Amino acid sequence: MANVIVIGAQWGDEGKGKITDLLSRSADVVVRYQGGVNAGHTIVVKGQTFKLHLIPSGILYPNTECIIGCGTVIDPEVLLKELEQIKELGVSTNNLLISETAHVTMPYHRLIDQATEERRGSHKIGTTGRGIGPTYADKSERTGIRMLDLMDKDGLTEQLEWIINYKNVILEKLYNIPPLNPQEVIEKYLEYAERLRPYVVDTSVKIYDAVRRRRNILFEGAQGTLLDLDHGTYPYVTSSNPVAGGACVGTGLGPTIVDRVIGVSKAYTTRVGEGPFPTEICGELGDLLCDRGAEFGTTTGRRRRCGWFDAVIGRYAVRINGMDCLAITKLDVLDELEEIKVCVAYEIDGEPCDHFPRSSRRFARCKPIYKTLPGWGVSTSHCRSLEDLPRQALDYLKFLAELMEVPIAIVSLGASRDQTIIVEDPIHGPKRALLHVDGTSTSLLSA
C-alpha cells in the first residue's frame, strides 16, 4: 500500500495529467485536492485525446475510484459538460465522487474575475477569468456556496437571494455590469444540483476508509509549486495550494498517511500568464520549443512562454514539497537542439544567488547563470528504455538529477502512454528510486 502525492515542480503545465494517468493503473483511488476549471490535463490513450479540467485523471481506469476533494472549487456547468464529453468517449463516470464541502463557482464569480483583471491594466496577473480567485475569496470571507448547499433547495434560495443582491451592487456600481437575476441563477443551479446529486458525498469518510483498507491512493493537484498562493511567485499565482501540503487540507486527511511525493518537471521550463521568468527564451528558439512541445494551455488555449530548465526553482520545489523522486517530461522536445542550457544559479544586482527569492520585484531582476550541455541531435520519441537513449540525453538527465538532488523515476518522451520510460515504479518501487543504465557507469542518484 502506498499513498502518493503528484505535484508540479514548475509553473504548472508540466505534464502531470499523463504522469497521474500512468500511476493511476497502480492506484485504487485518485483524489483531486485543489484548483478549479482554471486547470487542465491532456491525456492521449491509443490515439484518443482526453481533456480534463475537474475530473481526476484516474477516470480512464474503470476500477479506479475518483474523488474531487473539498479543496477544489467546482463550476457545475463546466463539470456537467465534462461528464457528458467523457461519456461520449465511452468512459464511465460511475466511479466519480464529489466532496459535499467543495465550494461552487457562481456566475458572479466569473464576472468579477474578468472585470477585476481588466481593471488591473498593466498590473494584470494573467488570470484565466474562470472565477476561481473570487470563489476562494468568498470561501475565506464565509459567503461561499458549497456543494451541500446546492443540494438544499430552500437553503440555497435563501442564501443566493441576499448574496446575489450584494454582488449586484459590486457589479453595477464598481464595474458598470448589468445585474444578475437572482431567480434565474437559483433555478439554473438547482437544476445542476439534481444532475450532480448522485455524485455528492462526504468524501473525507471515503478516503479514510480507503486508508484503513490499505488501498493505494494517488493525490493529484492542479497548477504547480511556483503558482502556490503562499509559496509561489506572488502575486502571479493561483488562489489555492498546489504544493504537497495542500493535499492534506484539500482532502481532510492528516500528513501521516502520505508515503511519497512525486514531482513532475519538463525537461525545459514554461510559464503561462504574467510574472517574472528568468530563463525565458524569446525569438526563434522559443518559438521552436513552443511548437515542438505544443505549448498551448488545455483550459484557455493561451500560448505558453518557454525557457531553459531552471534548477533554482527546481531545488526550491524539492524543498517545499519534500519530494522523493522526479518525473521528467517532454525530453523529446529538445531532440533538435545542438546545445542545451540549464540555469544553475542567478545573479541579482551583481551578486550570485542560488536560492529562489520570494520578492517578485527581486525575482524580476534575476539573471540566470547557465551551464551549457551538448544536445543529442536524434529523435528520442521511440525510446522505451534507458539503453535506447543517446549518451548525451542520459548525461542531461543525470545533470538535472544532481542539481535537483532527487532521483528520476520516470522519463516521458511524448504524449502517449507508451512513450515513457519507467525507471522505477514510484508507488511500488524503493523509497529512493534510481535512474541507472545496467553495465555502465551512468547513474542518477539523490545527493
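Helix H1, which spans residues 16–24, is largely enclosed by the rest of the structure, because nine of its nine residues are buried, where buried means under 20% relative accessible area. The model described here is a predicted one. The points below turn from this helix to a sheet of ten strands and then to the crossing of helices H6 and H7.

**Helix H1**
- The buried residues of H1 are Lys 16, Gly 17, Lys 18, Ile 19, Thr 20, Asp 21, Leu 22, Leu 23 and Ser 24.

**The sheet**
- Strands of a sheet pair through backbone hydrogen bonds, and this pairing can be either parallel or antiparallel.
- In this model, ten strands form an open sheet with mixed pairing, and their order is S9-S7-S5-S2-S10-S1-S11-S15-S19-S20.
- At the edges of the sheet lie strand S9 (200–201) and strand S20 (420–422), each of which pairs on one side only.
- Strand S1 (residues 3–8) pairs with strand S11 (residues 260–266) in the parallel sense, over five bridges, and Val 4 stands opposite Arg 260 in S11.

**Helices H6 and H7**
- The axes of helix H6 (residues 153–175) and helix H7 (residues 182–196) come within 9 Å and cross at roughly 145 degrees, and this crossing is right-handed.
- On the H6 side, the contact is made by Lys 153, Leu 156, Thr 157, Leu 160, Glu 161, Ile 164 and Asn 165, while H7 contributes Pro 182, Val 185, Ile 186 and Leu 190.
- Sorted by class, the contact of H6 with H7 has seven nonpolar, two polar and two charged residues.

Conventions: Residues are numbered from 1 along each chain as its sequence is written. This is a predicted model: local features need pLDDT of at least 70, side-chain atom pairs count only at pLDDT 80 or more; totals for chains, interfaces and linings use all residues. Side-chain values use heavy atoms; hydrogens and water are left out. Axes are lines fitted to C-alpha atoms, for helices over the stretch in contact, and angles run from 0 to 180 degrees between N-to-C directions. Helices (H or I, at least four residues) and strands (E, at least two) are DSSP runs, numbered from the N terminus. A crossing is left-handed if the near helix is turned anticlockwise from the far one by less than a right angle, and right-handed if clockwise. Contact means heavy atoms within 4.5 Å. Ala, Val, Leu, Ile, Met, Phe, Trp, Tyr, Cys and Pro count as nonpolar, Asp, Glu, Lys and Arg as charged, and the others, Gly among them, as polar. Two strands pair if DSSP finds at least two bridges between them. Buried means under 20% relative accessible area, exposed over 50%, partly exposed in between (1.4 Å probe, protein chains only).
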